[in-house]
Each structure stands twice: as structure tokens, then as C-alpha cells.
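Subject: Handing over the structure

Hi,

Here is the structure I promised to pass on to you. Have a look at it first, and then read on for what turned up in it.

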Amino acid sequence: MTALDTLAGLILNAGCREETLVSLARLEGRDFAMLARVEVAERPDEDGVCRLLAAGTDGVVLSGCRSRADIQKLDVMLGVAEARTGIAANRTRIYAEYGSAPEGLLSPHRLAEASQRLEGLIFDGLALAKAVGCKEPARAPHQGVAAPVLVGRANVVLRAHEAGVPAFEVLPATADAAATRWALSQSRNDGFASVVCRSLEQAIIAGSE
């Protein structure tokens with residue numbers, strides 16, 4: 001499971017407990033991908049990333065992506081982590097997440113051919129709303145969405161198209177099944193291939209659609 005073109009994804013942080021990693025990786029019949037998060041603003045925890053890769057994660061989310069240079073730096077780090085953990089070279093895919101670093105959405109540089117690992121772009125509307133100071137972040141993609149979030153949302157879909165990869169949207173923070181299914185439907189209607197979930201409950205619901 002290395003792509004999310006028809007799958008929901010669940011993001012895990014490097015500090016995730018070992019037993020949680022193992023139980024999720026071995027979850028019988030899971031229909032969602034397990035993704036590890038790496039923050040651009042912080043020095044990558046290489047040991048933590050190695051642990052996540054060894055546990056069977058399907059890809060790495062580059063949170064706060066600002067440019068193709070950030071993607072290329074992560075590409076190099078993953079090469080080292082794969083070598084350390086005995087994973088086949090270039091197996092680990094990269095998903096560049098936009099939202100917490102608004103400047104990334106304004107970058108004029110193309111993402112095409114930034115890295116052969118680049119598997120998709122992710123948009124986090126709540127992170128963008130917080131970063132630019134929107135007073136009332138939207139609870140769902142089309143419920144009173146602030147202008148910067150609308151622009152950023154469209155931007156990610158267009159940038160993904162230019163790069164030749166799918167776009168994915170982070171779901172609102174809700175465990176309600178109906179709200180999750182509605183948000184998933186809206187994302188797909190607006191050009192996103194699928195969604196990224198904030199909880200295991202969301203991932204199970206979205207993965208069944």
C-alpha cells in the first residue's frame with residue numbers, strides 16, 4: 001500500500017507509542033494508509049522516522065511544506081532511514097502537506113520532478129486558517145470557509161495537477177460518521193482524490209466508502 005488514490009490515510013507522529021504502531025500496522029483488513037509526519041519547522045527526528053518506517057508505515061507527510069527544496073531534503077533523509085532500517089531504496093513515499101506554512105502556497109516553483117518519491121499533496125484547511133489568523137476556522141470544507149482557506153484549497157488541487165500527483169484533504173476534527181462521509185464526498189467533488197483522517201475512527205469510516 002504505497003498510494004492513496006482511492007484510500008483514506010491516518011497520520012502518526014514520530015512520538016507514537018510502539019504498541020500503537022504495531023497494532024495499527026497489523027490491523028487486519030485495514031483500508032487506510034498509515035503515514036508518518038515530519039515537521040519542516042523542526043529538526044527531523046531521524047530515529048523516530050526510522051522507527052515509523054520499520055513499523056510498516058506507507059509514507060511520510062512533510063508538514064508545513066514551503067518549497068520543492070523541503071521535499072528534496074526529506075528525500076535525502078528518507079534514503080538514509082531506509083538504509084538504516086533495511087527497507088528497499090525509494091520505497092517510502094512523500095506526501096507534501098500545505099497549510100501551516102502559508103508561504104508554501106505562494107511559491108512560484110514547480111513541483112513536477114521535485115522527487116521521484118512525491119506521491120501526493122495534502123491540504124489542511126484548519127492549519128492554514130490558524131496560521132493566517134482566521135477568527136472562525138471552518139468546521140467542514142464548505143461551511144463558512146474563510147477566503148484564504150478557499151484560495152489555498154484550490155491552490156493545492158491545481159499544484160497537484162501540475163505535479164502530476166493526486167491531492168488529498170485533511171478531514172475536519174469530527175468522529176461523526178455522517179459528517180465524515182459528507183466531507184469525503186465534498187472533497188472528491190472538488191478534485192481531491194481522497195482524504196487524510198485525524199483519528200482511527202475517521203479512517204475506518206472513510207476507508208469503507
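A crossover is called right-handed if, when the strands point away from the viewer, the path from the first strand over the helix to the second runs clockwise. Please keep in mind that this is a predicted model.

**A good place to start: β3 and β4**

That definition applies to β3, helix α3 (residues 68-85) and β4, which make a right-handed β-α-β unit. The two strands of the unit, β3 and β4 (residues 93-98), pair in the parallel sense over 5 bridges. If you would like one bridge to look at, take V61, whose partner in β4 is Y95.

Is strand β3 mostly covered or mostly open? Mostly covered: 5 of the 5 residues in 59-63 are buried. In a regular strand, side chains alternate between the two faces of the sheet. Here both faces of β3 are covered, with G59, V61 and S63 buried on one side and V60 and L62 buried on the other.

**The aromatic pair**

How many aromatic pairs does a search of the whole structure find? The search gives 1. The pair is formed by Y95 and F168, whose rings meet edge-to-face, 6.0 Å centre to centre and with 65° between the planes. These residues come from distant parts of the chain: Y95 sits in strand β4 and F168 in strand β6 (residues 167-170), 73 residues apart. Y95 and F168 are both buried.

**The nonpolar cores**

In soluble globular proteins, nonpolar side chains tend to be buried together. The largest nonpolar core in this model has 37 residues, and I71, L74, L78, Y98 and L121 touch the most other members. Among the elements that give two or more residues to this core are β2 (32-39), α2 (46-54), β3, α3 and β4. There is also a second, separate core of 8 residues, including A33, V61, V170 and V196.

Y98 is worth a click of its own. Leaving aside residues up to four places away in sequence, Y98 touches C65, G104, L105, L111, L121, I122, F123, D124, V156 and R159.

**Cysteines**

A disulfide is a covalent bond between the sulfur atoms of two cysteines. A search of the whole structure finds 0 disulfides. As for single cysteines, C50 counts as buried because its relative accessible area is 8%. C134 has a relative accessibility of 18%, so C134 counts as buried too, the cut-off being under 20%.

**Some loop residues**

Finally, here are some residues in the loops.

- N90 lies in the loop between α3 and β4. Its phi is positive, about 70°, although N90 is not a glycine. With a relative accessible area of 31%, N90 is partly exposed.
- E113 is found in the loop between β4 and β5 (118-123). E113 is another residue other than glycine with a positive phi, near 65°. Why does E113 count as exposed? Because its relative accessible area is 77%.
- K135 belongs to the loop between α4 (125-132) and α5 (147-163). K135 is exposed, at a relative accessible area of 81%. From C-alpha to C-alpha, K135 and A146 are 9.0 Å apart in space, while 11 residues apart in sequence.

Enjoy looking around!

Best wishes

Methods:
Residues numbered from 1 in each chain as written. Predicted model: local features only at pLDDT ≥ 70, side-chain atom pairs only at ≥ 80, totals over all residues. Heavy atoms only, no water. Helix = DSSP H or I, 4+ residues; strand = E, 2+ residues; numbered from the N terminus. Buried < 20%, exposed > 50% of the residue type's maximum accessible area, 1.4 Å probe, protein only. Pairing = 2+ DSSP bridges. Phe/Tyr/Trp six-rings, centres within 6.5 Å; stacked < 30°, edge-to-face > 60°. Disulfide = S-S within 2.5 Å. Core = buried A, V, L, I, M, F, W, Y, C linked by side-chain atoms within 4.5 Å. Contact = heavy atoms within 4.5 Å.
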